[in-house]
Amino acid sequence: MFRKLVSILSLAFLATSLLSCGSGHDSDEYYVFVAANLQVPYWQAAGAGFSRGVAQVKVRSDYLGPNTYDPKAERDALDRAVQQKATGILLGVTDPALLKDSIDKAIAAGIPVITIDSDAPASKRLFFIGTNNYRVGVSGGQRLAQELKGKGNVVVFTMPDQHNMQDRLRGYRDAVEHTGIKITRVVDIQGDPRIAFDTTTQIIGKEKDQVDAFVCLEAQSGKEVAGVLNSYKITGKVVMAMDTDPETLEWIQKGGIAATIAQKPYTMAFVGLQMLDNLYHHKPASLVTDWSKDSFAPIPSFVDTGSAQIDKSNVDSFLQAKQSATSGQK
């Protein structure tokens, strides 16, 4: 019996050792995801994708970031990840100018940084994973033109300092350039959905007949606009939203929002973690090479995770797919 027990324990130890060696991961690996706003469902979805990737490779990790839109607090979280000697960092960029020096310091310390959702192209980050935001804007603009039948005045809610929203607005402008649609006002919500709520309230009080549509280039303002219009029983206005916040999807079901454009934050972070892990095990010759100009680069310059329009025709199937993908995950 004793010999049998020893044999079983030896086999168990051998199997564990082989699995450990086969995984190629060790205790030195420590990945950090610094998100823009931990309370926003969009970033929570990204966090779920990051956690899924971490669970697959069984490494240490942290999910950091501010609980509100606070670029300075995000910079502090990034600096903390560098001080803690992260193996690799995923970063959802809020203010590219503010974060540039911290990104460059991470690269100088030998820590690869991959940006997701919004880019910091002037920094030394390795590459960007996210949406082709110009195409998002073109797609949204085409849908807007269809909803307005080619004519009307539009108010845009955005955060103009973010690179992704600059591209979206450019796409919208190009899509409606040769129509009778005019973007008459661009509002900076500064990461605060209350600004979208207050501005919409003011508009319907003083300029109701002068605005035909509201375009929301970030995740938080669409539901605020729809809520205000519903409270004041205002009909006939087109609302275009961004991303798949639960309230946004509810307003699509109710008819308060015409359509939203779904990105893939879960996929961005999941793929980002895999790429950081690969960079650790297959280190490039240098982290400061401009790989975008190298036709034989070992890494990409941009990974497009795709996007899709969600409206009444497919919102229910989207919700079912989301439930299936995230069930049982934290």
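## Helix packing and internal spaces: worked exercises

In this predicted model, α7 passes α8 in a right-handed crossing. The exercises below treat three helix contacts and then the pockets and the cavity.

### Exercise 1. The contact of α7 with α8

Describe the geometry of the packing of α7 against α8, and state which residues form the contact.

*Solution.*
Step 1. Two packed helices are described by the angle between their axes and the distance between the axes.
Step 2. Helix α7 spans residues 193–206 and helix α8 spans residues 221–231; the angle between them is about 35 degrees, and their axes lie 8 Å apart.
Step 3. The α7 side of the contact consists of P193, A196, F197, T200, T201 and I204, which meet S221, E224, V225, V228 and L229 of α8.
Step 4. Sorted by class, the residues of this contact comprise 7 nonpolar, 3 polar and 1 charged.

### Exercise 2. The contact of α8 with α9

Determine how the axes of α8 and α9 are oriented, and name the residues through which these helices meet.

*Solution.*
Step 1. Helix α9 covers residues 246–254, and its axis comes within 9 Å of that of α8, with a crossing of roughly 45 degrees.
Step 2. Because of this angle, α8 is oblique to α9.
Step 3. The handedness is left-handed as α8 passes α9.
Step 4. From α8, the residues K223, A226, G227 and N230 take part, and they meet E247, T248 and W251 from α9.
Step 5. The classes represented in this contact are 2 nonpolar, 3 polar and 2 charged residues.

### Exercise 3. The contact of α5 with α6

Establish the orientation, the handedness and the composition of the contact between α5 and α6.

*Solution.*
Step 1. The axes of helix α5, residues 133–148, and α6 come within 6 Å and cross at roughly 40 degrees.
Step 2. The crossing angle therefore makes α5 oblique to α6.
Step 3. These two helices cross in the right-handed sense.
Step 4. The residues that α5 brings to the contact include N133, Y134, G137, G140, G141 and L144, while those of α6 include N164, D167, R168, G171, Y172 and A175.
Step 5. Nonpolar and polar residues number 7 each in this contact, and charged residues number 4.

### Exercise 4. The two largest pockets

For the largest and the second largest pocket, give the volume, the central residues and the elements that supply the lining.

*Solution.*
Step 1. The largest pocket has a volume of about 550 Å³.
Step 2. Its lining holds 23 residues, and those nearest its centre are A45, T244, Y266, F318 and K322.
Step 3. Two or more lining residues come from each of α2 (41–57), α10 (265–281) and α11 (315–326). The most come from α11, with 5 residues.
Step 4. The lining of the largest pocket contains 13 nonpolar, 6 polar and 4 charged residues.
Step 5. The second largest pocket has a volume of about 270 Å³. Among its 16 lining residues, I234, T235, K237, G255 and G256 lie nearest its centre.
Step 6. At least two residues of this second lining are supplied by each of α8, β9 (238–242) and α9. The largest share, 3 residues, belongs to α8.
Step 7. In the second largest pocket, the lining divides into 8 nonpolar, 5 polar and 3 charged residues.

### Exercise 5. The cavity

State how many cavities of 30 Å³ or more the structure holds, and describe the lining of the largest cavity.

*Solution.*
Step 1. Rolling a probe the size of a water molecule over the atoms shows where empty space is left.
Step 2. The structure holds 1 cavity of 30 Å³ or more, and the volume of the largest cavity is about 220 Å³.
Step 3. This cavity is lined by 19 residues, with W43, D117, M159, M165 and E218 closest to its centre.
Step 4. Helices α2 and α6 (163–176) each contribute at least two residues to the lining. The largest share is that of α6, with 3 residues.
Step 5. By class, the lining of the largest cavity comprises 9 nonpolar, 6 polar and 4 charged residues.

Methods:
Residues numbered from 1 in each chain as written. Predicted model: local features only at pLDDT ≥ 70, side-chain atom pairs only at ≥ 80, totals over all residues. Heavy atoms only, no water. Axes fitted to C-alpha atoms, helices over the stretch in contact; angles between N-to-C directions. Helix = DSSP H or I, 4+ residues; strand = E, 2+ residues; numbered from the N terminus. Left-handed = near helix turned anticlockwise from the far one by under 90°. Contact = heavy atoms within 4.5 Å. Nonpolar A, V, L, I, M, F, W, Y, C, P; charged D, E, K, R; others polar. Parallel < 35°, antiparallel > 145°, perpendicular 65-115°, else oblique. 1 Å grid on protein atoms, 1.4 Å probe; cavity = no way out; pocket = protein on both sides within 12 Å on 5 of 7 lines; lining within 4 Å. Points joined across faces, edges and corners; volume = space filled by probe spheres on them.
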